[in-house]
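Student: Could we go through this model together, question by question, with the cut-offs stated as we use them?

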Amino acid sequence: MKRMAQLPKATLIILLLCTLMCLAVNFLPVGLNATEKAILLGAYYKPMIIAGEYWRLISCGLLHVSFYHLFVNMYSLMNLGTVSEKMFGVRRYLLILCVSVISGSLFLFALAGNTVAVGLSGGLYGLMAAVLFEIIRRGGWKNQGVRNSMTNMILINLLINFVPGIAWQAHIGGAFGGLMCAVVMKAENRSDRINALIGSVLLAGVLVFVCLQRAEIRRSETYAATDARVLLAEESLGLKGHAVHMAEKLDALYDIEYLEEILK
């Protein structure tokens, strides 16, 4: 019983959800390719976020297209998640993870063009930043074993950013979000906590402002045919009302008359 109580339950639930979503992306029989199915199931996709599907800023964290990507992220989650649950408690751990995923998505929105992105990497970078902050705050960085372990983990994750197709913007954003959460949560006193919270809110406001300035899609980055297939799949799943609504929004965003005609 004691061993069961020590299991990182929140981490295991997230791992299970990510695995189920990866299976859905690969095996859901809706006549779409893997990328289109990822969009259907909640991947980060800038046009649909601009059109009002803001939940994609966090749902993308549960999605992985390749099983290799899933394995790498879940391995990291088991390590970082287990430490974070003990270090911050379940509620704060989940808050750090969610804020980091959203922050990573917002950085990607502000710094990249129209792209499809999936994966928990932004959240994992946030957990890594929060854990590192807390280790330094507690004086654990003075321990050579801890220092070597954390240094190796940081270097490995930094090198991953140079792999083609990796959304490094989301990694930076995730680390930013996780660090801000840790600073607020672990402030020494009420005054420091209030100051840290105010600073974090101001920085978040700047990020949101930049995102609003970047809420547009270039003509060269418009993928209306992909959007049409995704919306037709939504219609086949009984979500015609939502599909038509999104078609209207996307046509207005792209300044075309295409998607609405297809869904008539």
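Tutor: Helices (H or I, at least four residues) and strands (E, at least two) are taken as DSSP runs and numbered from the N terminus. This is a predicted model, in which local features need pLDDT of at least 70 and side-chain atom pairs count only at pLDDT 80 or more, while totals for chains, interfaces and linings use all residues. Residues are numbered from 1 along each chain as its sequence is written, and side-chain values use heavy atoms, with hydrogens and water left out.

Student: Where is Asp255 found?
Tutor: Asp255 has a positive phi of about 60 degrees although it is not a glycine. With buried meaning under 20% relative accessible area, exposed over 50% and partly exposed in between (1.4 Å probe, protein chains only), Asp255 counts as exposed because its relative accessible area is 62%. Its place in the chain is the loop between helix 13 (240-254) and helix 14 (259-263).

Student: Which element gives the largest share of the largest nonpolar core?
Tutor: A nonpolar core is a set of buried Ala, Val, Leu, Ile, Met, Phe, Trp, Tyr and Cys residues joined through side-chain atoms within 4.5 Å. The largest one has 40 residues, and those with the most contacts inside it are Ile14, Tyr44, Leu77, Tyr93, Ile96, Leu120 and Leu127. Two or more residues each come from helix 2, helix 6 (67-88), helix 7 (90-111), helix 8 (121-137), helix 10 (168-185) and helix 11 (190-213). The largest share, nine residues, comes from helix 7.

Student: Which residues are in contact with Leu127, leaving aside its neighbours within four places in sequence?
Tutor: Contact here means heavy atoms within 4.5 Å, and Leu127 is among the residues with the most contacts inside the largest core. Once the neighbours within four places in sequence are left aside, the residues in contact with Leu127 are Leu80, Gly81, Ser84, Tyr93, Ile96, Leu97 and Ser100.

Student: How many residues does the second, separate core have?
Tutor: This core is separate from the one just described, and its members include Leu32, Ala51, Ala243 and Leu263. Its count of residues is 19.

Student: Which residues are in contact with Leu15, again leaving aside neighbours within four places in sequence?
Tutor: Leu15 is found in helix 2, and it counts as partly exposed because its relative accessible area is 23%. Leu15 and Asn73 are 58 residues apart in sequence and 9.2 Å apart in space, C-alpha to C-alpha. Beyond its sequence neighbours, Leu15 is in contact with Met74, Leu77 and Met78.

Student: Is Leu23 buried or partly exposed?
Tutor: Leu23 is found in helix 2, and together with Leu16, Leu20, Phe27 and Phe67 it forms a nonpolar patch on the surface. Because its relative accessibility is 36%, Leu23 counts as partly exposed.

Student: Why is Cys98 too far from the closest cysteine sulfur for a bond?
Tutor: A disulfide is a covalent bond between the sulfur atoms of two cysteines, and the rule applied here asks for a pair of cysteine sulfur atoms within 2.5 Å. By this rule the count comes to zero disulfides; Cys22 is in no disulfide, as the nearest cysteine sulfur, that of Cys18, is 9.0 Å away. Cys98 is partly exposed, with a relative accessible area of 33%. Its sulfur is too far for a bond because the closest cysteine sulfur, in Cys181, lies at a distance of 9.6 Å.

Notes. Patch = residues over 30% accessible without salt bridge, like charges linked within 9 Å, V, L, I, M, F, W, Y side chains within 5 Å. Areas by Shrake-Rupley, 256 points an atom, 1.4 Å probe, with all protein chains shown as cover. Salt bridge = Lys/Arg side-chain N within 4 Å of Asp/Glu carboxyl O.
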